Amino acid sequence: MTSALGPSFLDPEWLISTFGLIGILAIVFAESGLLIGFVLPGDSLLFTAGLLVADGTYLHQPLWLMCLLVSVAAVAGDQFGYLFGRQFGPALFRRPDSRLFKQENLTRAKDFFAKYGARSIVLARFVPIVRTFTPIVAGASHMHYRTFLLYNVIGGTLWGCGVTILGYFLGQVAFVKSNIELILIGIVVISVVPVGIELLRSRRRSAAPPL
């Protein structure tokens, strides 16, 4: 099965119709802190979840409960990533590339963390790929646990509630409902723009001749 967003495992509506609320929470958890989670939809999944809650399709939980559960799953995913990075961080930075693991993704998150410090835990929530690897880098860097926990709860709540609520209210707009695939593609494009800009900047810096 394919859609405008690619194979079925990247199609938020198919994922929700197939796996329901449990599937949403599992994907949010994985995308927040598991190494392979970066391939999963995050922003578009939550937006679609909010839209379907408003529409009463597949999801029949109240909005507040959906936001609460998604936020808990997001925070728990980052917690796992932090603990994983703290335990296996040094070895992870020496791990060779594979089909699902690229050192450049880890390096990108490391640079993001170095640039923004503790704030990166919140900011990374809104940057695909970086969102997955930043808690791992925070753990590997032995960021103070209480500081991480505070920013993790803030970031997970802002992202989990914010994107879901956005989908809920925009999902009641006729144009959005009749052009959902186009809207989801737009969300994906917008969400990866920061990653693309940072890649271009990194390549320009590496290509620039030394002074």
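Colleague: What makes the contact between Arg 131 and Asp 43 a salt bridge?

Modeller: Happy to walk you through it, bearing in mind that this is a predicted model. The closest N and O atoms of Arg 131 and Asp 43 are 3.4 Å apart. The cut-off asks for a side-chain nitrogen of Lys or Arg within 4 Å of a carboxyl oxygen of Asp or Glu, so the pair of Arg 131 and Asp 43 qualifies.

Colleague: Which parts of the chain does that pair link?

Modeller: Distant ones: Arg 131 sits in helix H6 and Asp 43 in helix H2 (residues 43–55), 88 residues apart. Both Arg 131 and Asp 43 are buried.

Colleague: How do you know that Arg 131 and Glu 31 meet in a salt bridge?

Modeller: By the same kind of check. Their side chains come to 2.8 Å, N to O, and the limit is 4 Å, so this pair counts too. Arg 131 belongs to helix H6 (residues 130–140) and Glu 31 to helix H1 (residues 12–33), so the contact ties together parts that are 100 residues apart in sequence. Glu 31 is buried, as is Arg 131.

Colleague: How many salt bridges does a search of the whole structure find?

Modeller: Three. One of them joins the side chains of Arg 125 and Asp 78, at 3.3 Å from N to O. Arg 125 lies in the loop between helix H5 (120–123) and H6, while Asp 78 is in helix H3 (residues 63–92), so that bridge connects parts 47 residues apart in sequence.

Colleague: Why is Arg 125 called buried?

Modeller: Its relative accessibility is 1%. Buried means under 20%, so Arg 125 meets the cut-off. Asp 78 has a relative accessible area of 2%, and is therefore buried as well.

Colleague: What joins Glu 31, Asp 43 and Arg 131 into one network?

Modeller: Salt bridges that share partners. Arg 131 pairs with Glu 31 and also with Asp 43.

Colleague: Now to the surface. Which residues make the nonpolar patch?

Modeller: Leu 83, Tyr 145, Leu 149 and Val 153 make a nonpolar surface patch of about 330 Å². Helix H7 (residues 145–170) gives the most to this patch, with three residues.

Colleague: Why is Leu 149 called partly exposed?

Modeller: Leu 149, which lies in helix H7, has a relative accessible area of 31%. Buried would need under 20% and exposed over 50%. Since 31% falls in between, Leu 149 is partly exposed. A patch residue needs over 30%, so Leu 149 passes that cut-off with its 31%.

Conventions
Residues are numbered from 1 along each chain as its sequence is written. This is a predicted model: local features need pLDDT of at least 70, side-chain atom pairs count only at pLDDT 80 or more; totals for chains, interfaces and linings use all residues. Side-chain values use heavy atoms; hydrogens and water are left out. Patches are made of residues with over 30% relative accessible area and no salt bridge: like charges are joined within 9 Å, nonpolar side chains (Val, Leu, Ile, Met, Phe, Trp, Tyr) within 5 Å. Accessible areas come from the Shrake-Rupley method with a 1.4 Å probe; for residues, only the protein chains shown count as cover. Helices (H or I, at least four residues) and strands (E, at least two) are DSSP runs, numbered from the N terminus. Buried means under 20% relative accessible area, exposed over 50%, partly exposed in between (1.4 Å probe, protein chains only).
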